[in-house]
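Student: Could we go through this model together, beginning with the words we shall need?

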Amino acid sequence: MQDWDVIVVGAGAAGLMCAIEAGKRGRKVLVVDHAKKLCEKIRISGGGRCNFTNIHTTASDFISNNKHFCKSALARYTPYDFLDLMAKYQIKHHEKTLGQLFCDNSAQEIIDMLLAECRDAKVSIKNPVSIKGVHPLPEKTGMPNFSLESSEGTLTTHSLVIATGGLSIPKIGATDFGHQIAKQFDIPVTPIRPALVPLTLNEDDKAFCKTLSGISQDCIASVKKQSFRENLLFTHRGLSGPAILQISSYLEPGKSLCIDLLPGQNIEDELTNEQNKKKSLTNVLAPFLSKRFAQEWVDRKSQNRTPADLGSNKLKAIADGIHKWVITPSGDEGYAKAEVTLGGVDTKDLSSATMESKTCPGLFFIGEVVDVTGHLGGFNFQWAWASGHAAGHAV
Ligand SMILES: Cc1cc2nc3c(=O)[nH]c(=O)nc-3n(C[C@H](O)[C@H](O)[C@H](O)COP(=O)(O)OP(=O)(O)OC[C@H]3O[C@@H](n4cnc5c(N)ncnc54)[C@H](O)[C@@H]3O)c2cc1C
């Protein structure tokens, strides 16, 4: 039997940050993970360069049943705090776009930094370790609160931190362990689904997208009042690219999204312009949409005639189709391709200052397992660092 002050289950971004902070406070910390290789998600993130934070992070970059929940942790551990840590290790980085910070070299530098910080804080890390059961212990002052049946034998701890992330990319070790533990302790879990995920289409739309596969187009993708102006990417399975990943987090299954394929322009003016009336529709649209896109779009929507052949109603309909392309996806590419899991452990049960359960003292949930989901662009790691930091100061 091994007794610990803190056991963290999950050696990902949030778990390691929590362990570092708790270790620095002199707590005896054990981190366990069932994966053979640690921090795989950090390693593959941002195309191997890890978009580790976003300098413009605010609470409005997160989706949660309680939009205020993340504020306290984000305020106490900001992107600049993480940058200070990176500076200590001289890890070079750059801003790609929209405040998104990436490593210049490799995500491995961040993993090495976190593991070095764990060593300095005397944190023990064991993997692969599987947890077969978690049991609450009778309340006795000074005695551990939980015992864990593990492949390493029985482990007991005063604070138990669940940092097992979401369900995306099961092949690198994602499980619903955190949600199951919440349920075991009667802590509610909000409905979960894949988010930041490519969308799949019905056969007709899919065939159309397939012909455009590889084309990327600036657009505004909208669902109700939420919209994102970024690139859309046509793929042979459907729609992807940053604009689509972002809006996927807001799109309820079976509902439609609206795409403006020419934001900030008025294509109806071009279509009705005297100078263009004898040109083919493809040639009028091509300067704005790329020749291949214009060709396919025109072929699909109408025969390739000249604006002069079409009445003003028809031209308006063509313009509307470009500025307000309404599409109803058949689904999404699921957890195998999703960057994150929307929903999770209900924040109603958690303290926003410490991430500790209000109904089960000593039990903490941090990172993606919680019902706090960031937009694309480094926000999910910032939440992992900030919530891990908050719990690390409380355990
Ligand atoms: C392909 C991809 C790219 C991404 N790129 C970015 C990006 O550039 N920027 C960004 O901000 N976000 C990105 N994300 C999202 C980001 O990686 C996650 O939100 C973040 O890693 C969550 O941190 P976490 O510590 O909560 O969980 P994770 O990092 O997922 O860590 C969870 C850990 O728990 C372990 N675990 C799971 N189940 C068990 C169990 N039953 N027993 C023991 N251990 C268990 C896992 O092995 C894992 O090590 C990306 C996600 C993916 C899938």
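Tutor: Two strands pair if DSSP finds at least two bridges between them, and helices (H or I, at least four residues) and strands (E, at least two) are DSSP runs, numbered from the N terminus. The model is predicted, so local features need pLDDT of at least 70 and side-chain atom pairs 80 or more, while totals for chains, interfaces and linings use all residues. Residues are numbered from 1 along each chain as its sequence is written, and side-chain values use heavy atoms, without hydrogens and water.

Student: Which residue stands opposite Val-6 in S2?

Tutor: Strand S2 covers residues 29-32 and runs parallel to S1, with 4 bridges joining them. Within S2, the residue opposite Val-6 is Val-29.

Student: Is the crossover from S1 to S2 right-handed or left-handed?

Tutor: A crossover is right-handed if, with the strands pointing away from the viewer, the path from the first strand over the helix to the second runs clockwise. Here the chain leaves S1, passes through helix H1 (residues 13-24) and reaches S2, and this β-α-β crossover is right-handed.

Student: Which strands stand at the edges of the open sheet of 3 strands?

Tutor: The order in this sheet is S3-S6-S5, with antiparallel pairing. One side of each edge strand is left without a neighbour in the sheet, because each has a single partner strand, and these edge strands are S3 (51-54) and S5 (93-95).

Student: Which residue of S6 stands opposite Asn-54?

Tutor: Strand S6 (residues 100-103) runs antiparallel to S3, and 3 bridges join them. Opposite Asn-54, in S6, stands Gln-100.
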